[in-house]
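Colleague: I'd like a close look at one part of this model, the nonpolar patch on the surface. Please start there, then take me inward to what is covered.

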Amino acid sequence: MEIFAIVISAILVNNIVLMQFLGICPFMGVSKKLSTAVGMTGAVTFVMVLATIVTYLIQTYVLEPLSIGYLQTISFILVIAAFVQMVEIVLKKVSPPLYQALGVFLPLITTNCAIMGVALLTIQNSYNLMEGIIFAISSAIGFGIAIILFAGIREHLDLMGVPKGMRGTPIALVAAGILAMAFMGFSGLV
Amino acid sequence: MSQLKNFSKGFIKDNAVFVQLLGLCPTLAVTSSAENGLGMGLATTFVLVMANIVVSLVKNQIPDKVRIPSFIVIIASFVTIVDLSMAGFLPTLHASLGIFIPLIVVNCLVLGRAEAFASKNNIGSSAIDGLGMGLGFAFALTLLGAVRELLGAGSIFGLDIPIFPVTDKGAPITMLIFVLAPGAFIVLGYLIAIINQLKKS
C-alpha cells in the first residue's frame, strides 16, 4: 500500500515537472519534437534510477557513519557528474545503437535538477533503498508523461495562429500552465 | 565594453530569466511570494559573485580537460556555505525555499557564467558580471513573485494591496491559482511576452 502511494504520488499528484518544477530546462528545451522528448525520457529514466541508488549508498554508508552530512551537496553533484560521464563511455562501447539514441542527451543531464532533486528527496523523505528505487522510477515516468504530452501540444501550437507577441516561448509557457492545471485535478488522490 | 555596461546587461538586455531562459526551475518553484523570490535571487547572486571571483582567480591553474568538474566543486562549496548560513540565520526562509537551495548548484546560470565569462576575464570584471547577472536574476524572481503574490493573495511582500472585492467577512476574493503551480508558468509566459515587446520598442 505504501509503495502504491509512492507510485501514484510521484507520477500524478506531485508530478516532478508540473508540480515540483524539477527538470524544467529539458522540459522547455527538448520538447519541440515528439521523438526527442521520447529520447530524453529514456536517458533521464536510466540515469535517475542509477544515480538515486548510488547517492543513497553514499549517504548511508559514507556520509552518515562519518557524520560529514554537510558534504552532501558537493559529493552528490560530483557523483552524478562522474556517473553520467561513465554511463556515456560504457554505453558507447557496449551498445552503440542505444548510445546513438540517448547520447546527445547525456551531457545535458548533469545539470538537470530532476536527477539531483530526486536523489535529495529520497534522502529527505527517509525512504529505504527499495522505496527510493520505486520513487525514482515513478518520478521518471512522471517526467516522461509530462514532457511527451507537452511535446504533442507544442507540435500542434506550431500550426496555430498565435498572436505575434505571444509566439514561441510565451505561448509554450502558458500551455504548460494549462497542462499543470489539468494535473491539479489529481490532487487529493493519495 | 565599459564596466557599467557589463554590470547593467543582466537586468533587461541579457536577463537570465526573461531573455536567456536559464535557471527556470528555481524561478518557477519559489516565486509564490515576492519575499521568497528575493531571498532565492540574493542567495544565487552570492554564489554567482563568489564562484565568478574564484574561477577567475584559478583559471590559469586548471587544466582545460577538468575545468567543468572543478567549476562544479567551487560552486558546490559556496552553495553549501549559503545553505548552512541560511539554515542558521534565516530558518523560515530556508524552510520555504527547501530543496531549491542545494539545487542552486545545478542552476545552469551559475555554471554558464563561470564557463562563458569568468574563465576568460580578470577578477574585477568577473565580479561585476556576477553581481549584474545575479541582481538581474533576483530582479526577475522578485517581479515574478510580486505579480503572483498580488494576483493570488492580494499582497506584495506581505503588505495588503486592496484591489480585489472583499467578502462579508472582509477577506479579499483573490485568484488563488496564481500562487499555485500553474500560475507560475502562466505569469512567466506573459512577463516574457511583455519584456519582448519592451525590448523591441
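**From the patch inward**

Modeller: Helix α3 of chain A gives the nonpolar patch its largest share, three residues. Keep in mind that this is a predicted model. The patch covers about 470 Å². Its members are A:Leu57, A:Tyr61, A:Val62, A:Leu66 and A:Leu129.

Take A:Val62 as the example. This valine sits in α3 of chain A. Its relative accessibility is 36%, so A:Val62 counts as partly exposed. The reasoning is simple: partly exposed runs between the 20% limit for buried and the 50% limit for exposed. Patch residues must have over 30% relative accessible area, and the 36% of A:Val62 fits that rule.

Now go inward. Helix α3 of chain A, residues 34-63, is one of the elements that the buried residues of α7(A) pack against. The others in chain A are α4 (72-94), α6 (106-109) and α8. Chain B joins in through α2 (24-29).

How covered is α7(A)? Mostly: 11 of its 12 residues are buried. The buried run starts with A:Cys113, A:Ala114, A:Ile115 and A:Met116. It goes on through A:Gly117, A:Val118, A:Ala119 and A:Leu120. A:Leu121, A:Thr122 and A:Ile123 complete it.

The length of α7(A) checks out too. Helix α7 spans residues 113-124, and at 1.5 Å a residue its 12 residues should cover 16 Å. Its end C-alpha atoms are 16 Å apart, so the two values agree. After the helix comes A:Ser126, with a positive phi near 40°.

Next is α8 of chain A, residues 129-157, which holds A:Glu131. Is A:Glu131 buried or exposed? A:Glu131 is buried, yet has no salt bridge. A salt bridge needs the charged atoms within 4 Å. The nearest side chain of opposite charge, B:Arg148, is 29 Å away. What does A:Glu131 touch, beyond residues up to four places away in sequence? Its contacts there are A:Glu2, A:Ile3 and A:Ile6.

For a covered position in the other chain, look at B:Ile101. This isoleucine lies in the loop between α5 (91-97) and α6 (108-118) of chain B. With a relative accessible area of 0%, B:Ile101 is buried. Leaving out residues up to four places away in sequence, B:Ile101 touches B:Val79, B:Asp83, B:Met86 and B:His94.

Note on methods: Residues are numbered from 1 along each chain as its sequence is written. Chains are lettered from A and ligands numbered from 1 in the order in which they are written. This is a predicted model: local features need pLDDT of at least 70, side-chain atom pairs count only at pLDDT 80 or more; totals for chains, interfaces and linings use all residues. Side-chain values use heavy atoms; hydrogens and water are left out. Helices (H or I, at least four residues) and strands (E, at least two) are DSSP runs, numbered from the N terminus. Buried means under 20% relative accessible area, exposed over 50%, partly exposed in between (1.4 Å probe, protein chains only). Lys and Arg count as positive and Asp and Glu as negative; His and the chain ends are not counted. Contact means heavy atoms within 4.5 Å. The expected span of a helix is 1.5 Å times one less than its number of residues. Patches are made of residues with over 30% relative accessible area and no salt bridge: like charges are joined within 9 Å, nonpolar side chains (Val, Leu, Ile, Met, Phe, Trp, Tyr) within 5 Å. Accessible areas come from the Shrake-Rupley method with a 1.4 Å probe; for residues, only the protein chains shown count as cover.
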